[in-house]
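Here is a guided walk through one protein model and the ligand it holds. Keep the structure open beside you as you read.

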Amino acid sequence: MSAPRYDAIVLGAGMSGLSAAIRLAQFDRRVLLVERHSLPGGLNSWYKRAGRRFDTGLHALTNYVPRGTSGTPLAKILRQLRIPYEALQLAPQRRSEVVFPAERLSFSNDIGLLESEVARAFPASREGFARLIECVRSANPFDAQAPFASARARLLEFTLDPELVEMLLLPLLWYGSALAEDLAWDDFVILFRSLYLEGFARPEGGVKTLLDLLVARAKESGAQLRMNCPVRRIVVEGGAARGIELESGETLACDQVYSSAGWVETRALAGAPAPQEDRGWVTIFETLCVTRTPHRARGHDAAITFFSQVERPRWREPAELVGFESGVLCCSDNYQTREEPAEGLLRATLLANHDRWSELPEQEYAAHKRAAAASLEELSARFVPDPRPQTLFRDGFTPRTIRRYTAHAGGAVYGSPLRHRDGLSGIANLFLVGNDQGLVGVIGTLLSGITMANLHGLYAQHT
Ligand SMILES: Cc1cc2nc3c(=O)[nH]c(=O)nc-3n(C[C@H](O)[C@H](O)[C@H](O)COP(=O)(O)OP(=O)(O)OC[C@H]3O[C@@H](n4cnc5c(N)ncnc54)[C@H](O)[C@@H]3O)c2cc1C
């Protein structure tokens, strides 16, 4: 293999790849970060259209805490990556909501609001909900050796109204469960803290604000970044990763490879494919709609509305192109920014079926996309101000788009249902970071990169 030799090569400049690269480079490891795209961010990047900049994904940064709050995931990330809190320019939400056919619950960055909402709507569940909060606060969800426990099964212990259980679960499933119909109790604890005990914010300027900080930190720390640089394969010799081969044919040697490509994708790159059933199924159809007037001026102040049209929404791959049972509506202009927004931006999201979208003949794809978008706009108007009479610009994407831009099999947004909490890939010197390691979302995957770099790159070599 040709020189130079790196201590670590990190595959993918999404959240987890960037944080792993920064962490390793900060401790003088020779690090190369390779990304197949021209822009960083992966599943959470940005693009320009119609004179505006759009986030590809960001609804909300979870785990919001005010400046100076220590001992939380956000504080840990900023400390370990040496990023000042103010640099993120976080605009907190006012509130969000969960809307079911018979009930509506508001929540905010103060758990007191959700407690009072539960007491109002489900008075018989008030005491059980208080016990649940205490249990979540004191749990340790990070024990990699703990056996799987179903969140639905554990929730029975708190004798909550079944409708309340569904309403509490819906946002957690939407923002982090790669399992069908359930989530692991540990993930429930992590997500409950992230969404309900901490909360939502959005960096002013969107995800680019965060990505610019991460890229700057990576460079300052001494990591080399190579964009437009697809990896063709991970070179494995004698059962251990020894480097990578780029699409250009160039080979690069290293002691360790950290891959954020995903479990199935990484194993394929390493020439040891994982079974097809390991592929993730959570993928989405999303529309964006810029409106002439901000949402608050039209009487709607929720940042995120999680809605269900049925009492017990299913959390599984829809049989059709999209599933209309439940969804997420994000009013990106409803965060408490320093300046009032000039326009509204509604992002509407539904579960989707990757294979159905992929099988469509090319000449039918656009028509189906338009039809799904029209139905979704009509549905949105039941929960938030109708975007249609106000539309200045609209855009949208399907699972096909996600697969094309991120190379995730099946356009999966939360990776494989199979988690690899220890980051081990089954091949020596090759470690997983990101969604498939087990922590999802922006904050989860930033933490994943840090934790895996500490565990396998820094701590492991010093002991
Ligand atoms: C539409 C959408 C909305 C979302 N909204 C939110 C939200 O509001 N809040 C939140 O917290 N989370 C959200 N998420 C989830 C969040 O974006 C992901 O959990 C997180 O970004 C995943 O980061 P990652 O580092 O694991 O992987 P990725 O972001 O997928 O990064 C992997 C990178 O590896 C690169 N790569 C893959 N293969 C190769 C190769 N062979 N060679 C070179 N490079 C390669 C890819 O191009 C990509 O850049 C959303 C996701 C989507 C899709």
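## A tour of the model

Let's begin at one strand pairing: Glu245 stands opposite Thr251, a residue of strand 12. Before going further, please keep in mind that this is a predicted model.

### Strand 12 and its partners

Glu245 and Thr251 are part of a wider match, in which strand 11 (residues 240-246) and strand 12 run antiparallel and share three bridges. These two strands make a hairpin with four residues between them. In the turn of that hairpin you will find Gly249, whose phi is positive at about 100°.

How many of the nine residues of strand 12 (residues 251-259) are buried? Seven of them are, so the strand is largely enclosed by the rest of the structure.

Strand 12 also pairs with strand 1 (residues 5-11), this time in the parallel sense and over six bridges. If you would like to trace that pairing on screen, Arg5 faces Ala253 of strand 12, and Ile9 faces Val257 of strand 12. Another parallel partner of strand 12 is strand 18 (residues 430-432), with three bridges between them. Here Ser259 has Leu432 of strand 18 as its bridge partner.

Now follow strand 1 to another neighbour. Strand 1 and strand 2 (residues 31-34) run parallel and are joined by four bridges, with Leu11 opposite Val34 of strand 2. Strand 1 has six buried residues out of seven, so this strand too is largely enclosed by the rest of the structure.

### Around the ligand

Next, turn to the ligand. There are 35 residues around it, and those that come nearest are Ser16, Glu35, Asn44, His59 and His408. By class, this shell holds 16 nonpolar, 17 polar and two charged residues.

Where in the chain do these residues come from? Domain 1 (5-62 + 206-277 + 416-462) and domain 3 (281-406) each give at least three residues to the shell. Among the helices, helix 1 (15-26) and helix 13 (441-462) each provide at least two. Helix 13 makes the largest contribution, with three residues.

Backbone atoms approach the ligand as well. A backbone N or O atom of Val442 is 2.7 Å from an oxygen atom of the ligand, and for a backbone N or O atom of Leu43 the distance to a ligand oxygen is 2.8 Å. A polar backbone atom of Met15 lies 3.5 Å from an oxygen atom of the ligand. On its own, the ligand has 1,000 Å² of accessible area, and the protein covers 96% of that.

His59, one of the residues that come nearest to the ligand, has a partner of its own. Its side chain makes a polar contact of 3.0 Å with the side chain of Glu286. Glu286 sits in strand 13 (residues 284-291). Is Glu286 buried or exposed? Its relative accessible area is 2%, under the 20% cut-off, so Glu286 counts as buried.

### Loops and backbone angles

A few places away from the strand pairings are worth a visit too. Most residues other than glycine have a negative phi. The residues below have a positive one.

| Residue | Place | Phi |
|---|---|---|
| Arg82 | just after helix 2 | about 60° |
| Asn228 | loop between strand 9 (224-226) and strand 10 (231-237) | near 50° |
| Ala407 | loop between helix 12 (399-406) and strand 18 | near 65° |

Asn228 and Ala407 can also be described by their accessibility. Asn228 is exposed, at 53% relative accessible area, while Ala407 is partly exposed, at 35%.

Helix 2 (residues 73-81), which comes just before Arg82, has Leu74, Ile77, Leu78, Gln80 and Leu81 buried. An α-helix has 3.6 residues a turn, so residues three or four places apart point the same way. You can look for that spacing among Leu74, Ile77, Leu78 and Leu81, which are among the buried residues of this helix.

One last stop is Thr337, in the loop between strand 15 (322-331) and strand 16 (344-352). Thr337 is partly exposed, with 29% relative accessible area. Its C-alpha atom is 20 Å from that of Thr69, and these two residues are 268 apart along the chain.

Note on methods:
Residues numbered from 1 in each chain as written. Predicted model: local features only at pLDDT ≥ 70, side-chain atom pairs only at ≥ 80, totals over all residues. Heavy atoms only, no water. Near = heavy atom within 4 Å. Polar contact = N/O pair within 3.5 Å; in protein donor to acceptor, adjacent residues only side chain to side chain. Areas by Shrake-Rupley, 256 points an atom, 1.4 Å probe, with all protein chains shown as cover. Nonpolar A, V, L, I, M, F, W, Y, C, P; charged D, E, K, R; others polar. Domains from an automatic or database assignment. Buried < 20%, exposed > 50% of the residue type's maximum accessible area, 1.4 Å probe, protein only. Pairing = 2+ DSSP bridges.
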